[in-house]
Amino acid sequence: MDYDIKDLKLSDKGALRIEWAEQNMPVLRLIKKRFKKEKPLQGIRLSACLHVTTETANLMDTLKMGGADVVLCASNPLSTQDDVAAALVKHHQIAVFAIKGEDNKTYYRHIQEALRHRPMITMDDGADLVSTLHSESGRSLGEVLGGTEETTTGVIRLRSMAEKGVLKFPVISVNDASTKHFFDNRYGTGQSTVDGILRATNRLLAGSVFVVAGYGWCGRGIAMRAHGMGANVVITEVDPIKALEAVMDGYRVISMNEAASIGDFFVTVTGDIKVIRKEHFQSMKDGAIICNSGHFNVEIDIPALEKISKRKRTIRDFVEEFTLADGRRVNLLGEGRLVNLAAAEGHPSSVMDMSFANQALAAEYMTKQGKKLEKKVYPVPKEIDQEIARLKLEGLGVRIDRLTKEQEKYLASWEMGT
Ligand SMILES: NC(=O)c1ccc[n+]([C@@H]2O[C@H](COP(=O)([O-])OP(=O)(O)OC[C@H]3O[C@@H](n4cnc5c(N)ncnc54)[C@H](O)[C@@H]3O)[C@@H](O)[C@H]2O)c1
């Protein structure tokens, strides 16, 4: 088996951490049990491009138990947990191509390795696998049944491909499942982003001015958690409805131009480019801390920061200090890449349980239905979404009411009024 990881000797540590994550993934465990028995993915070659974390390891194992022949590469150069990569190779015999801190060239070489597997199903987080597959002339895509996509930015890229008529196979947008973005993007990104900032800096949030750019699913999660730790949260937005929601949720909403000079911490989660740029760095306070939790490292204009800086040094792990011409310092975390994965461990397993249950069931659905689907982006079928929520509640020991016959009838009727 071919693989490219940092060090196979890290495998035992990784195996324990994978087991720890599994304890909090009851829905995926149930799916794994069924997959083991029914083998719904038998004969399927699957290439996954995901953050190599303990939760992803549990997903890979589930897919393998379902009969799939699985290969994994990283979906971000900084998000790989090397001990997990080692454990997957040694204890699960799954080929992994991922090393934390790999350069861009290695990152794309690893994507090529995953594509050499000739996937029948692609599983992406950010659409790098699908876009690389599509950009290579002469590559036959006839064997591909379809793909699944994990994140907002990936879905945006895929929809753009579908609209332009270049998407060559169907893809299921796992991100759009309610059991994904309501929880993963909000509570997962909320907690793990704050975790990444704290691990990297060990600074006090209480009393600080904490600027969140983008009040989407991720942004509201981060704002909620930073507020809970005593920070004065400030939001910047471009969408008037989201901005209004932020106002009524009790946050101060201002432009980035205004926020730049008052913020102690800045987090971008917009999926957009150059949200913090030259004019903003120039008005920042000495010691400002900036980071990104959106998918790509383009939300902070790092080349512009480098250009206006006279010195750059790594002052702590995952903290680069840039000194501007007048001596003020701006600290960039995790090279502007997803701070929750670069400086912490990504989302807690309890939320990834639902995201990856969607991935596993979407792969099963694609195996059965892929040939019948058009070359479009499809949502996760509603029954799958509902079933995952039901199983999660069961796992949490939470019971909810059921509609009575009379209520069902009332809710489906129009005759009854005042
Ligand atoms: N860190 C993680 O683990 C993680 C998890 C899930 C999603 N993501 C990524 O986070 C990003 C955001 O995802 P989401 O689900 O919150 O998306 P979303 O669409 O719900 O929210 C994005 C928000 O950013 C706003 N925005 C766009 N440009 C802006 C600008 N220039 N200034 C201020 N606001 C701006 C939009 O109006 C929108 O409200 C995506 O790149 C997604 O892939 C990261």
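**Exercise 1. Find which residues come nearest to the ligand in this predicted model, and sort the shell by residue character.**

Solution. Start with the shell itself: 26 residues surround the ligand. The nearest of them are T151, T152, T153, E237 and S293. Next, sort the shell by character: 15 residues are polar, six are nonpolar and five are charged.

**Exercise 2. Work out which polar side-chain atoms lie by oxygen atoms of the ligand, and how much of the ligand's area the protein buries.**

Solution. Take the side chains one at a time.
- T151: an N or O atom of its side chain is 2.6 Å from a ligand oxygen.
- N340: here the distance from a side-chain N or O atom to an oxygen of the ligand is 2.8 Å.
- N185: a polar side-chain atom sits 2.9 Å from an oxygen atom of the ligand.

Now for the area. On its own, the ligand exposes 870 Å², and 86% of that is buried by the protein.

Then look at which elements supply the shell. Those giving two or more residues are α7 (152-163), α8 (178-201) and α9 (217-228). Among the contributors, α8 gives the most, with three residues.

**Exercise 3. Place T53 in the chain, decide whether T53 is buried or exposed, and list what T53 touches.**

Solution. First, the location: T53 belongs to the loop that links β1 (45-50) to α3 (54-65). Second, the burial: the relative accessibility of T53 is 5%, and buried means under 20%, so T53 counts as buried. Third, the neighbours: leaving out residues up to four places away in sequence, T53 touches S79, Q81, V84, L341 and E345. Finally, a local detail: the side chains of T53 and T56 are joined by a polar contact of 3.2 Å.

**Exercise 4. Explain why strand β11 counts as largely enclosed, then trace its pairing partners.**

Solution. Begin with the count. β11 covers residues 288-292, and five of the five are buried, so the strand is largely enclosed by the rest of the structure. Check this face by face: A288, I290 and N292 are buried on one side, and I289 and C291 are buried on the other.

Now the pairing. Strand β10 (residues 265-268) runs parallel to β11, with four bridges joining the two. One place to look is F265, whose bridge partner in β11 is I289. β11 also pairs with strand β14 (residues 329-333), again in the parallel sense, over three bridges. In that pairing, A288 has V330 of β14 as its bridge partner.

Technical notes
Residues numbered from 1 in each chain as written. Predicted model: local features only at pLDDT ≥ 70, side-chain atom pairs only at ≥ 80, totals over all residues. Heavy atoms only, no water. Buried < 20%, exposed > 50% of the residue type's maximum accessible area, 1.4 Å probe, protein only. Polar contact = N/O pair within 3.5 Å; in protein donor to acceptor, adjacent residues only side chain to side chain. Contact = heavy atoms within 4.5 Å. Near = heavy atom within 4 Å. Areas by Shrake-Rupley, 256 points an atom, 1.4 Å probe, with all protein chains shown as cover. Nonpolar A, V, L, I, M, F, W, Y, C, P; charged D, E, K, R; others polar. Pairing = 2+ DSSP bridges.
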